Amino acid sequence: MIKIDREECIGCGECVEVCPVDALSLDSEEKAVVDEDTCTSCGLCISTCPTNAIETKIMARKGDTSQYSGVWVFGETNDGNLKEVGPQLLGKGRELASEFNDQLSAVVIGSDVKDAAAKCGNYGAEKVYMVEGEEFDQYKTLPFSFAMSQLISEFKPRVVLYGATHLGRDLAPSVAGRLGLGLTADCTGLSIKEEDGEKLLLQTRPAFGGNLIAEIVCPNTRPQMATVRPNVFSCPEETENSQPEIIEREVDLNPELFKVEILERLSGEEGEVGVEEADVVIAGGRGVGSEENFQLLEELADALDGVVGCSRPIVEDGWLSKAHQVGQSGKTVSPKLYIACGISGAIQHKVGIRDSDTIIAINKDPEAPIFDVADLSVVGDLHEVLPELLELLGGEDGS
Amino acid sequence: MADTDLARDDEFELTEEQKLLKESLLDWGERELPLTRVIEMNQEGHPYPEDIIKSLANLGVIMGPVPEEHGGSGLSWEDQAIIADQIGYIDPSIATAAGLMAVETGWGYTLNRYGNETIQEKFVKPAINGDQFVGIATTEPGGGSDVAGFESTAERDGDDWILNGEKTFISGTEEAQKMGGAFWVNVRTGPAPEDAPHKNMTSFCVPVDADGMNFQEPYRDAGRMAISTGGFIMEDVRIPDRFRLGEVDKGFYYTMEGFDNARILIGASSVGVTRRVLEEAADYIKERETFGNPLAKYEGIQFEFSDLYTRMKALRLMYQQVARMQEKRYQEAGKGERKREPKTYSSTDVARWISMIKWKAPHLAKEAADKAMHWLGAAGYADDYVFETAWKGVMSYCVGAEGGANIQKIVIGRETLGPEYVPYK
Amino acid sequence: MDFLVFIKQVPDTDEVKVDEESGTIIREGVPSILNPFDEYALNLALRLKEGMEDEVNITAMSMGPPQAKDALKKCLAIGADRGILLSDKVFGGADTWATSFTLFKGVEKMGGADLYFSGQEATDGNTAQVGPELASHLNLSSMTYVEDVLDINPKEGYLTAKKETDEGFIKLKSELPVVLSCMTPPDFEPKIPGVKEIMKAKNKPLDTWNHDDLGGTEEEYGLEGSESQVISTYPPPSKGPGEKFEGPAEEGAEKIFALLKDEGVCDD
């Protein structure tokens with residue numbers, strides 16, 4: 001939100017002109033006033049004002065919470081394709097919406113996202129708010145955050161969920177900061193808690209390096225927003241021929257909002273290997289023995305359509321890049337299946353894999369701490385067990 | 001680093017800067033000189049790696065108390081002792097402490113105090129920057145403990161001096177030859193009076209590449225293998241008078257002060273060695289089980305640990321006290337002056353304390369390593385473990401480097417009971 | 001030019017241990033460190049400063065308890081020119097929103113900067129929210145997951161940076177000022193402050209600002225000013241050990257294979 005110094009305001013109306021959401025107007029005394037519910041704190045008026053009478057003053061969006069209803073899921077896309085985390089959140093969003101007695105909606109923003117919008121319907125969204133335009137072709141914080149803020153200000157949802165991806169963890173706090181909202185990061189559980197007759201979103205997230213679980217609510221501000229780890233919730237079945245109501249909104253982006261320009265994609269450098277989002281992670285530790293031996297893990301990953309991860313010593317020894325590292329100082333993963341090969345299981349590593357559905361551990365040492373968290377522990381030499389397993393898997397493929 | 005941390009309670013009395021010094025040193029050690037490299041260096045032998053000297057010099061820990069205008073860091077002696085403690089902890093073979101703390105810093109600082117501008121520019125500064133080595137050569141084939149009992153000579157020849165004689169058991173001869181630099185060499189500039197043999201002794205800085213300097217093959221020592229010990233023969237080595245340290249015939253006093261400074265730092269480093277040894281051993285005895293119990297549960301081991309730990313803490317306080325005394329002494333003496341009139345502490349007060357730490361600290365480190373080897377059994381005896389490396393390394397400071405144990409006892413006795421009880425004159 | 005680096009003192013999570021019986025964290029004796037991501041941000045700021053013709057002043061700012069001064073001291077030793085600690089009982093219990101607000105008030109009092117840095121996240125909370133939220137308060141653009149700044153051109157008022165996305169790295173150009181949330185690259189080696197730098201840090205300004213200095217009502221800060229409220233914490237449910245198999249490798253592999261089939265990870 002913004003604050004207008006009435007002493008300084010000369011009533012020129014420049015700010016009213018420039019405001020993209022019509023939140024500003026001139027009152028009877030010819031002074032600018034702001035509609036606090038509509039303002040998205042975009043800041044365009046600030047640079048326009050000839051007397052510097054306007055400053056940003058972001059305030060918590062407290063007030064009447066009863067106007068807010070509906071559960072929203074941000075449908076993240078890449079090149080127009082809906083990413084998996086969106087449907088996962090729609091699945092969970094459906095449960096929450098039923099309990100709130102709300103509608104479930106999705107938001108998609110991009111340059112060519114009609115298909116993605118329709119797809120959100122297939123996963124349960126009754127409405128899809130869509131902002132389409134060339135200027136949204138690639139993700140940029142300010143335009144996306146501005147579009148999202150505008151939608152939220154106009155439609156007043158109760159809950160907004162984002163995937164805790166790089167993009168989601170960039171967008172959500174930017175929106176939260178702009179609108180003055182509480183936001184909980186990296187949730188691993190969502191449910192409802194009733195307080196003073198009002199149903200609140202109860203957000204569960206690991207705290208203190210995963211050594212504690214914290215339950216968090218945002219009682220005063222709406223919407224209640226959270227980023228949620230991919231793969232924590234399973235993807236619902238896709239239905240065909242859903243007919244979601246598509247609500248398209250034009251977002252008029254002032255060129256001033258384009259403070260960032262994407263110059264190029266940097267190739268030839270290994271970026272993410274996707275351990276965070278993978279369904280299957282095959283991870284190796286010192287017990288793998290050598291850089292070459294990771295080939296075995298690669299083969300298993302290929303066979304199971306997974307990715308290779310590792311523990312910290314492997315990165316320190318330079319066998320794999322940091323992007324592969326799982327654990328507290330690396331990535332926190334939540335795959336359906338985690339196979340730990342030759343990883344002893346330091347607490348920092350165990351913290352990073354705690355949200356995995358199924359953990360299989362192979363280690364020579366019967367006392368390895370990794371076995372404490374494994375669903376299936378195999379005491380043995382991974383150099384013997386893995387080839388046998390690959391043979392079993394290979395045989396299966398061949399038949 | 002070990003999982004066990006036996007230094008956390010030391011922190012509370014450290015200044016902010018000392019905490020940061022300690023943290024920097026330990027971070028440096030973890031990156032540049034982990035235990036694996038220490039052990040490797042000791043297996044490979046000398047000369048000491050130049051990259052480590054350079055990188056420690058960049059940190060500013062060589063000759064830290066030298067004033068900033070001479071290229072030092074202007075540290076207090078307590079700061080430098082805390083650094084030496086960490087150096088001993090990082091490299092429990094004590095090679096790093098021997099070469100860079102005792103020799104370069106302890107003796108080098110004394111050079112800085114009494115050396116003229118030529119000595120500062122040619123020898124002190126390059127050593128502070130890690131580009132050269134400065135060493136100390138007092139011991140001769142005839143003996144070392146009897147500092148005044150030596151035979152090398154210098155004769156005046158116009159503006160020069162001509163040096164002749166032999167020096168043995170000198171730390172860093174290989175390093176100095178490789179990197180360049182100089183040795184502080186004591187020679188006779190007149191016959192030794194029978195009742196005062198320490199008179200007529202003068203100190204010079206002798207460049208390693210001076211004509212007539214003949215270095216001998218290094219000795220094959222038991223431990224601290226990364227830093228060399230060797231000797232050299234001086235045959236008509238011609239040295240300009242500006243390489244002379246301080247006044248003619250006053251070399252004995254400078255030498256005693258050099259010993260003082262080196263002994264403080266080797267004392268502090270030995271406490272660091274002890275701490276590393278006990279931490280590594282604690283990790284082991286807490287984990288390793290025999291007859292269904294971890295070793296640490298057995299009183300035979302636990303009580304030995306408690307005893308060593310307690311004595312280590314006592315010596316830590318002691319080196320801190322000694323360093324503070326020395327700092328006070330220097331502050332009261334003023335720049336470049338030899339202190340004669342005692343102020344807070346007399347020189348005998350300080351000498352007594354210094355001898356106490358020099359005697360006890362290396363012995364405790366050796367004892368800790370010895371006990372740890374007993375606790376670990378065969379594993380402790382292997383040379384790819386820290387205990388054997390530490391044990392053989394600190395032994396050099398038990399048998400005599402920077403003054404043997406019995407010499408320290410004589411000093412303590414003399415300075416406490418009175419000079420009339422000195423056993424040997 | 002003024003660079004402002006936001007830093008946090010965190011418990012060394014590598015040293016954190018869990019009480020096996022109660023399942024709670026043993027905090028005693030866990031050393032406090034400078035958040036490693038922030039340490040990278042500061043190192044990056046320093047590197048940029050060294051490469052620039054203009055004179056650059058680096059300020060490190062932190063919100064925290066009085067002992068967080070230690071972390072700022074370390075920043076001064078690493079090379080920051082000034083430290084500012086925002087510390088007051090009123091600031092305690094802040095969520096990311098209240099934290100970013102407090103830092104924003106600190107920036108206001110300081111008079112702003114030309115470029116802002118923070119770590120991508122803190123290793124204790126891992127929220128990664130303070131940087132972007134702060135940018136919103138400052139009405140500036142934010143850039144997260146910034147691994148490097150490739151070029152900075154204060155005359156033309158822009159910088160280019162390398163940023164990690166879900167799909168790989170991209171090169172971005174941004175107007176100045178901007179708030180960068182910095183992501184430690186794998187080969188990063190933090191600068192170890194030397195003796196001279198540590199001694200020099202002694203004489204660098206290190207101020208503490210409290211609530212009176214920042215102004216505003218108490219309700220805007222700390223727990224009261226937080227929009228998210230932690231209502232309970234508990235140790236994570238321990239799964240309990242699963243099945244353990246000791247025996248020939250072949251049978252072990254069969255066990256795994258059977259489980260994979262049960263889980264539907266491989267075809268039947």
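The following paragraphs lead through a predicted model, from one chain as a whole to domains, sheets and a contact between chains.

Chain B offers a starting point for overall form. Its secondary structure comprises 13 helices and 10 strands. Along the principal axes, the C-alpha trace of chain B spans about 80 × 45 × 40 Å. A compact globule of 425 residues would have a radius of gyration near 22 Å, and chain B, with 21 Å, therefore agrees with that expectation. Of the 425 residues in chain B, 51% are buried. Contacts in chain B can also be sorted by sequence separation: among those between residues at least 6 apart in sequence, 75% join residues at least 24 apart.

Chain A may be approached through its domains. The domain assignment divides chain A into domain 1 (2-56), domain 2 (65-255) and domain 3 (280-398). Between domain 1 and domain 2 of chain A, the C-alpha centres lie 30 Å apart. Where these two domains meet, 8 residues of domain 1 of chain A are in contact with 8 residues of domain 2 of chain A. On the domain 1 side of this contact in chain A, the residues comprise 4 nonpolar, 3 polar and 1 charged.

Strand β10 of chain A, residues 159-163, repays a closer look. This strand is mostly covered, as 5 of its 5 residues are buried. In a regular strand, side chains alternate between the two faces of the sheet. In β10(A), Val159(A), Leu161(A) and Gly163(A) point one way, while Val160(A) and Tyr162(A) point the other way, and all are buried. The strand β10(A) also has parallel partners. Strand β5 of chain A, residues 71-74, pairs with β10(A) in the parallel sense over 3 bridges, and in this pairing Val71(A) has Val159(A) as its bridge partner. Strand β15 of chain A, residues 224-228, is likewise parallel to β10(A) and is joined to it by 5 bridges. Here Val160(A) stands opposite Met225(A).

Another part of chain A contributes to a sheet that includes a strand from chain C. Four strands form this open sheet in the order β12(A)-β13(A)-β14(A)-β14(C), with antiparallel pairing. Its edge strands, each pairing on one side only, are β12 (189-195) of chain A and β14 (229-234) of chain C. From one strand to the next, the twist averages 30°. Within the sheet, β12(A) and β13(A), the latter covering residues 198-207, run antiparallel and are joined by 7 bridges. Ile192(A) stands opposite Leu201(A) of β13(A) in this arrangement. Helix α3 of chain A, residues 85-100, lies across β12 and β13 of chain A and runs at about 10° to β12(A).

A second sheet again draws on both chains. This open sheet has 10 strands in the order β17(A)-β11(C)-β10(C)-β9(C)-β12(C)-β8(C)-β1(C)-β6(C)-β7(C)-β13(C), and its pairing is mixed. The edges are formed by β17 (260-266) of chain A and β13 (206-209) of chain C, each of which pairs on one side only. Direction ignored, neighbouring strands of this sheet are turned by 30° against each other on average. One of the pairings links β8(C), residues 115-119, with β12(C), residues 178-182; these strands run parallel and are joined by 4 bridges. Tyr116(C) has Val179(C) of β12(C) as its bridge partner. Helix α1 of chain C, residues 36-50, packs on this sheet and touches β1 (2-6), β6 (57-63), β8, β9 and β12 of chain C. The direction of α1(C) makes about 150° with that of β8(C). Chain A also supplies a helix: α6(A), residues 166-179, lies across β9 (141-153) and β10 (158-165) of chain C, at about 100° to β9(C).

Chain C also meets chain B. In this contact, 13 residues of chain C are in contact with 17 residues of chain B. On the side of chain C, the elements giving two or more residues are α2 (69-78) and α5 (195-201) of chain C. The largest contribution to that side comes from α5(C), with 4 residues. By class, the residues on the side of chain C that touches chain B divide into 6 nonpolar, 2 polar and 5 charged.

Note on methods: Residues are numbered from 1 along each chain as its sequence is written. Chains are lettered from A and ligands numbered from 1 in the order in which they are written. This is a predicted model: local features need pLDDT of at least 70, side-chain atom pairs count only at pLDDT 80 or more; totals for chains, interfaces and linings use all residues. Two strands pair if DSSP finds at least two bridges between them. Axes are lines fitted to C-alpha atoms, for helices over the stretch in contact, and angles run from 0 to 180 degrees between N-to-C directions. Two residues are in contact if their C-beta atoms, placed from the backbone, lie within 7 Å. Ala, Val, Leu, Ile, Met, Phe, Trp, Tyr, Cys and Pro count as nonpolar, Asp, Glu, Lys and Arg as charged, and the others, Gly among them, as polar. The radius of gyration is taken over C-alpha atoms; the globule rule is 2.2 Å times the number of residues to the power 0.38. A residue is buried if 20 or more other C-beta atoms lie within 10 Å of its own, exposed if 12 or fewer, and partly exposed in between; C-beta atoms are placed from the backbone. Domain bounds come from an automatic or database domain assignment.
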